[in-house]
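Here is a walk through one chain, written for someone who likes to have the model open while reading. Turn it around as you go.

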Amino acid sequence: LGKKRAYAKLDVQPGDTVLDLGAHVGSFVRWSLNHQAERVVAVEMYPPTLELLRRNFPPERYEPRVQIVPYAVHGKGGMTVVTRYFQNPMSASVSRHNSANPNGLEVETVSLESLLDTFDPTKIKSDIENSEYDTLLPGAKLITASRVTRIMAELHTRNEETLRLAKQTWWAFHDLGWECSRHVDGFYEEPNGWNLILCWWRRAP
């Protein structure tokens, strides 16, 4: 329910180009298409969910309206290691602590700057499993300089460090002229912490 409320706050309109960071199997892609987005760029890096995403949106039916980008969003691009969640085999995360993980999976990454330059989105949805603090937080100025007018982000606050980073992310956009949800739009508890769903939109001039 929290995610559906947050989706609605993105206010997807005809003509929008939506950047879906962490598309998983495509539920938000479908939601955006149903709300008449002109194009949805679905970024997903984890092989099991990427395979299902491709099955759900085969290119012969959905391109160019849906474009799938099979990379992790992280830093400046290159390669990184993702950790698979054993309690949920359909999920994985990128973390600054993953490089030494012997059970990790190496994947190719793409930078937020490259995605903004290539696809020129107007709306962003982000659910990238701990990578938001290496993407949205340092990318706040890039997003502000782009055509993006609304953002929905799931912030994972599983310890004191990530709670501090969540607050920094909130303030980074606020200080650049964005309004943010006065209240958390949705939240739910996982075994290792809370996930918060927030929305930002450009402050009226």
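A word on naming before anything else: helices (H or I, at least four residues) and strands (E, at least two) are DSSP runs, numbered from the N terminus. With that in hand, glutamine 36 can be placed in the loop between helix 2 (27-34) and strand 2. Keep in mind throughout that this is a predicted model.

**The overall picture**

The chain's secondary structure comes to 7 helices and 12 strands. Of its 205 residues, 51% are buried. Take the contacts between residues at least 6 apart in sequence, and 68% of them join residues at least 24 apart.

How confident is the predictor? Mean pLDDT for the chain is 84, with 81% of residues at 70 or more. The stretch to watch is residues 188-192, where pLDDT is below 50, although in the model this stretch has 9 contacts beyond near neighbours in sequence. Where pLDDT is low, the predicted coordinates should not be read in detail.

**Strands side by side**

Let's start with strand 2 (39-43). Strand 2 is mostly covered, with 4 of its 5 residues buried. Strand 1 runs parallel to strand 2, and 5 bridges join the two. The chain gets from strand 1 to strand 2 by way of helix 2, in a right-handed β-α-β crossover. Strand 2 also pairs with strand 3, again in the parallel sense, over 4 bridges.

Further along, strand 8 (residues 123-126) and strand 9 are paired in parallel over 4 bridges. Here too there is a right-handed β-α-β unit, made by strand 8, helix 6 (residues 136-144) and strand 9. Is strand 9 enclosed by the rest of the structure or open? Largely enclosed, because 7 of its 8 residues (150-157) are buried.

If you want to line the strands up by eye, these bridge partners will help:

| Residue | Partner | Strand of the partner |
|---|---|---|
| Leucine 19 | Valine 41 | Strand 2 |
| Alanine 42 | Isoleucine 68 | Strand 3 |
| Serine 126 | Alanine 153 | Strand 9 |

**A lysine on the inside**

Lysine 125 is in strand 8. Is its side buried or exposed? With a relative accessible area of 5%, lysine 125 is buried, since the cut-off for that is under 20%. Beyond neighbours within four places in sequence, the contacts of lysine 125 include Leu19, Asp20, Leu21, Gly22 and Ala23, along with Phe28 and Met152. One of these partners shows how far along the chain such contacts can reach: lysine 125 and alanine 23 are 102 residues apart in sequence, yet 8.7 Å apart in space, C-alpha to C-alpha.

**Cores**

Which residues touch the most other members of the largest nonpolar core? Leu21, Leu115, Ile143 and Trp200 do, out of 29 residues. Several elements each supply at least two residues of this core, among them strand 1 (17-21), helix 5 (112-119), helix 7 (160-175) and strand 12 (193-202). There is also a second, separate core of 22 residues, which includes Ile68, Met152, Ile197 and Cys199.

Leucine 115 deserves a closer look. Its contacts, leaving aside neighbours within four places in sequence, include Leu19, Leu21, Val43, Val69 and Val73, plus Asp120 and Pro121.

**Helix 5 and its two sides**

Leucine 115 belongs to the buried set of helix 5, together with Leu112, Leu116 and Phe119. These residues cover an arc of only 100° around the axis, so they sit on the same side of helix 5. An α-helix has 3.6 residues a turn, so residues three or four places apart point the same way. On the other side of helix 5, Asp117 and Thr118 are exposed.

**Backbone oddities**

Right after helix 5 comes aspartate 120, with a positive phi near 50°. Aspartate 120 lies in the loop between helix 5 and strand 8, and its relative accessibility of 34% counts as partly exposed.

Glutamine 36 also has a positive phi, about 70°, although it is not a glycine. At 46% relative accessibility, glutamine 36 counts as partly exposed.

What joins glutamate 63 and proline 64? A cis peptide bond, with omega about 5°. Proline 64 is in the loop between helix 4 (59-62) and strand 3 (66-69).

Methods:
Residues numbered from 1 in each chain as written. Predicted model: local features only at pLDDT ≥ 70, side-chain atom pairs only at ≥ 80, totals over all residues. Heavy atoms only, no water. Buried < 20%, exposed > 50% of the residue type's maximum accessible area, 1.4 Å probe, protein only. Pairing = 2+ DSSP bridges. Right-handed = clockwise from strand over helix to strand, strands pointing away. Core = buried A, V, L, I, M, F, W, Y, C linked by side-chain atoms within 4.5 Å. Contact = heavy atoms within 4.5 Å. pLDDT = per-residue confidence, 0-100. Arc of directions from axis to C-beta.
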